[in-house]
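Q: I'd like to go through this structure with you. Can we start with the cysteines and then look at a sheet?

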Amino acid sequence: MKKFVDVILPLPLHSYFTYSLPQEWADEVQTGCRVVVPFGRKKYYTAIVRNVHYCAPTEYEVKEVSVLLDASPVLLPRQFKFWEWLADYYLCTQGDVYKAALPSGLKLESETMVEYNPDFTSETQLPEKEQQILDLLSAEPEQCVTKLEKDSGIKNILSVIKSLLDKEAIFVKEEMRCTYKPKTETRVRLTLAARNERRLHFFFDELQRRAPKQLDLLMKYIELSGCLGGGNVKEVSKAELLKRAAATPGVFNGLVERGVFEVYQQEVGRLDTALVRDTVPVNPLNEHQQRAYNEIIEDFKTRNVCLLHGVTASGKTEVYIHLIEETIRQGKQVLYLLPEIALTTQITERLQRVFGSRLGIYHSKFPDAERVEIWQKQLSEKDYDIILGVRSSVFLPFRRLGLVIVDEEHENTYKQQDPAPRYHARNAAIILASMYDAKTLLGTATPSVETWHNATSGKYGLVELKERYKEIQMPEIIPVDIKELHRKKMMNGPFSPLLLQYIKEALTQKEQVILFQNRRGFAPMIECNTCGWVPKCKNCDVSLTFHKGLNQLTCHYCGYTYQLPRVCPACEGTDLRNRGFGTEKIEDDIKGLFPEARVARMDLDTTRTRTAYERIIADFEQGKTDILIGTQMVSKGLDFDHVSVVGILNADTMLNYPDFRAYERAYQLMAQVAGRAGRKNKRGRVVLQTKSIDHSIIPQVIANDYEGMVDGQLAERQMFHYPPYYRLVYVYLKNRNETLLDLMAQTMAAKLRAIFGNRVLGPDKPPVARVQTLFIRKIVLKIETKAPMARARELLVQVQKEMLMEDRFKSLIVYYDVDPM
């Protein structure tokens, strides 16, 4: 009887697609395996098998599965359940979730292959670039376009290939290729003849007379492999053998030619290359940490989620380590989530000291091949007990999850913005844990308003840790009115005299300084002082940021770059001035003011790679850097022993953002940055520079009055129908035609109001109303927390379908942001 499979394609499609199974794979394919299937006229995709059945579709002709890629599933049953929840809750498709969840190396990609035509002859001389491509193909008759482009260095290679195709000098075809390739190593062994003892002695004698260097290399191989010891023969890599014997490849090749050595390829994992140090026992907890640990254990008996509200430097990580140890002692796994890749460096070292090779690390700065191998290891019997990672770690396969730790749970970087699924990793992790009947611990010094409300209303457990480790005092926070200082012309660029004095004192005493400015680049804006012209992005409604190191203006939304003009294109004036300041400008100014100081910058521009993060943090940790300048990356749980001064250069940029969470976020950022000061033996100082010295948030930050801040915010949000009392859904509409988009937005808002009434606000323009040439409008939907969200989502999708059924609205792009940050 014919078998069929329903599959999930990596496309934003709401339904499964059914394919027939060839007879040879009918008994092998399982739910969770990958298959290659045709889709459309010429496209092939890697799909995930969701169901295997015998029901043939009747409404369309069924295509056949092209390739079965797996002997066993790459997805576990609970992962499908998790995908379904994500797609349903965040109003996207399982195809969107699939694209976000699986590492690229587990998806086959279509690649354009170029094949040389051996019958081609030309009566005239070919252009230089075309001849160059043919020369490369004559050496290797079939190559992919990307390799040809790299080898030839020709930038506009597609036009060259098209010309050669027209002349029938080459053929072009599409092939499915896997981007993941297992890592292999060239290894050495004795040939079958050389393993004969009499024959081996003959080789010894011959080499002693004619090739003493080859004899030395052979003896080194025997020593490393132990092949004459009578025990197990160890495998020896060619690279290690040549290095240990200090021999040349020529000497090695001589032994291969004599029939002594043969080489072979062995697959080696990328994950086992780092040597794991000896582990140490966990540190004993102090009385405050022990009390918190006991309360968490007690809370977990009655609730699945608990909030650990611990001030900065209270030792929350030590409590986590004891909970991890207890969980893996019970034979269960732990998922430890962090908001930023920057944090994994420090936490990794602490966890590896205790748990060694039981720890796996997973984030996007790792090469894709390593992420594939971690995924595969998690499916094996030798899986990691602990996974440390950022938000994408929730997608990994777990077989025995027992505990999820969400560190710095308040961080907005846990929320995925673009593309879909626009999920919140904290909320998704709580649901994931519930599917395994596991516990979730949320840890932070400044909880999100929603989490605090859930904890104080009894939905979550609440444990507080209010004492800093080793009784270190909370830092002294000194507000500075920079508006008044600017009026008196006492500011030195972005620095107040007090901050400069404290920096000087810290450097004299060999202490360290952190300066926080939540804008990267040199200047957020360039302006013509004569006519007021400001360079703007051609694709987005934003001004371009000046990056001095690159000497260019860049859009932080779409990546568009524009060369800094020498004269104003509007009035031809030459007085172009920087407005505002970013981290790059701070770095420049600090180097001018303190030329002897060693300065580093940590922002998106300086941390493009994993090693860049690690180097910046390690240098600061080891005292090789005196002053660290950074964006919000420096605020997130980093632990440095010798920081005595922290400067918050402009608190107002956080307070003046048009968002209902601006007050909460500003408090969290300031409190977190302040917490980096005075970590050991000494009370730190924080200089908080602001033009809004009378703002109510300033005394709350100084007094570390989190509860005062959150009580005010809860009262305000209840009054104006915001979370945690109401759920928000932002409906975004996009189109290239602004006039048509306004009509679409008004029509959709009217349809939504007919269903949801005054719960609908808008449509309005968001702060950035055009990105990548698409105009944007936003409709806000406020839904009571007790209202059935499943029904609300049904109605939203129904309205969207009604809109797209109208011909004039066919080009409309609609997407949703549920629980926006």
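A: Sure. This is a predicted model: local features need pLDDT of at least 70, side-chain atom pairs count only at pLDDT 80 or more, and totals for chains, interfaces and linings use all residues. Residues are numbered from 1 along each chain as its sequence is written, and side-chain values use heavy atoms, with hydrogens and water left out.

Q: How buried or exposed is C571?
A: C571 is partly exposed, at 32% relative accessibility. The classes are buried under 20% relative accessible area, exposed over 50%, and partly exposed in between (1.4 Å probe, protein chains only).

Q: Which cysteine sulfur is closest to the sulfur of C571?
A: The one in C531, 3.6 Å away, too far for a bond. A disulfide is a pair of cysteine sulfur atoms within 2.5 Å.

Q: How many disulfides, then?
A: The count is 0 by this rule.

Q: And C92, buried or exposed?
A: C92 is buried, with a relative accessible area of 10%.

Q: New topic. What is the strand order in the open sheet of 6 strands?
A: The order is β19-β29-β28-β20-β27-β26, with parallel pairing. Strands are DSSP runs (E, at least two residues), numbered from the N terminus. Two strands pair if DSSP finds at least two bridges between them.

Q: Which are the edge strands?
A: β19 (476-481) and β26 (599-602), each pairing on one side only.

Q: How many bridges join β28 to β29?
A: There are 4 bridges between β28 (residues 643-648) and β29 (residues 685-690). V646 has V686 in β29 as its bridge partner.
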